[in-house]
Amino acid sequence: MAQAAMADRDTSVSELCRELKIRPVTPYRYVDPKGGLREAGKHVIAA
């Protein structure tokens with residue numbers, strides 16, 4: 001969900017974080033600003 005939302009340039013990361021009840025740093029741990037998966041995100045999906 002975060003990956004798809006962050007790929008949309010109109011998405012506010014702060015609003016996304018409020019909706020998901022997570023800290024703003026969390027989505028960037030797994031998803032880059034363009035919506036691509038980082039290594040940690042790939043690891044989570046593979047598990």
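Let me start with Lys34, which sits in the loop between H3 and H4. This is a predicted model. Lys34 counts as exposed, at 74% relative accessibility. Leaving aside neighbours within four places in sequence, Lys34 is in contact with Met6 and Ala7. Arg18 is another matter: 16 residues separate Lys34 and Arg18 in sequence, and their C-alpha atoms are 20 Å apart in space.

Now the next residue to look at, Gly35. Gly35 also has its place in the loop between H3 and H4. Is Gly35 buried or exposed? At 9% relative accessibility, Gly35 counts as buried, because the cut-off for buried is under 20%. With the usual sequence neighbours within four places left out, the contacts of Gly35 are Gln3, Met6 and Ala7. For Met6 there is also a C-alpha distance: Gly35 and Met6 are 29 residues apart along the chain, and their C-alpha atoms are separated by 4.9 Å. So on this loop we have Lys34 exposed at 74% and Gly35 buried at 9%.

The third residue on that loop is Pro33, found between H3 and helix H4, which covers 39-46. Pro33 is partly exposed, with a relative accessible area of 45%. Which residues does Pro33 touch, once neighbours within four places in sequence are left aside? They are Met6, Arg9, Tyr28 and Arg38. Met6 is therefore on the contact lists of Pro33, Lys34 and Gly35, contact here being heavy atoms within 4.5 Å. As for Glu15, Pro33 is 18 residues from it in sequence and 15 Å from it in space, C-alpha to C-alpha.

Met6 brings us to the core. The largest nonpolar core has 5 residues, namely Ala2, Ala5, Met6, Leu16 and Val31. Helix H1, residues 2-7, gives the most to this core, with 3 residues. As a general remark, nonpolar side chains in soluble globular proteins tend to be buried together. Take Leu16 from that list. Beyond its neighbours within four places in sequence, Leu16 is in contact with Ala2, Ala5, Met6 and Thr11.

Leu16 is also one of the buried residues of H2, which are Val13, Leu16 and Cys17. Why do I say that they line one face of the helix? Seen down the axis of H2, the buried residues fall within an arc of 100 degrees, so they line one face. On the other side of H2, Arg18 and Glu19 are exposed. What do the buried residues of H2 pack against? They pack against H1 and H3.

Next, the loop after H2. Lys21 is found between helix H2, 13-20, and helix H3, 25-30. Lys21 has a positive phi of about 60 degrees, although it is not a glycine. In general, most residues other than glycine have a negative phi. Lys21 is exposed, with a relative accessible area of 76%.

Further along, Pro24 also has its place in the loop between H2 and H3. Leaving aside neighbours within four places in sequence, Pro24 is in contact with Val13 and Cys17. Both Val13 and Cys17 are among the buried residues of H2. Pro24 and Val13 are 11 residues apart in sequence, and the C-alpha to C-alpha distance is 6.9 Å.

Last, the chain as a whole. How many helices and strands does the secondary structure come to? The count is 4 helices and 0 strands, and from the N terminus on, the elements run α-α-α-α. Taken along the principal axes, the C-alpha atoms fill a box of roughly 25 × 20 × 15 Å. The chain has 47 residues, and buried residues make up 21% of them. The accessible surface comes to about 3600 Å², and 54% of that belongs to carbon and sulfur atoms. Among contacts between residues at least 6 apart in sequence, 30% join residues at least 24 apart. On charges, there are 8 positive and 6 negative, and their mean positions are 7 Å apart.

Methods:
Residues numbered from 1 in each chain as written. Predicted model: local features only at pLDDT ≥ 70, side-chain atom pairs only at ≥ 80, totals over all residues. Heavy atoms only, no water. Core = buried A, V, L, I, M, F, W, Y, C linked by side-chain atoms within 4.5 Å. Buried < 20%, exposed > 50% of the residue type's maximum accessible area, 1.4 Å probe, protein only. Helix = DSSP H or I, 4+ residues; strand = E, 2+ residues; numbered from the N terminus. Arc of directions from axis to C-beta. Areas by Shrake-Rupley, 256 points an atom, 1.4 Å probe, with all protein chains shown as cover. Lys, Arg positive; Asp, Glu negative; His and termini not counted. Charge placed at Lys NZ, Arg CZ, Asp CG, Glu CD.
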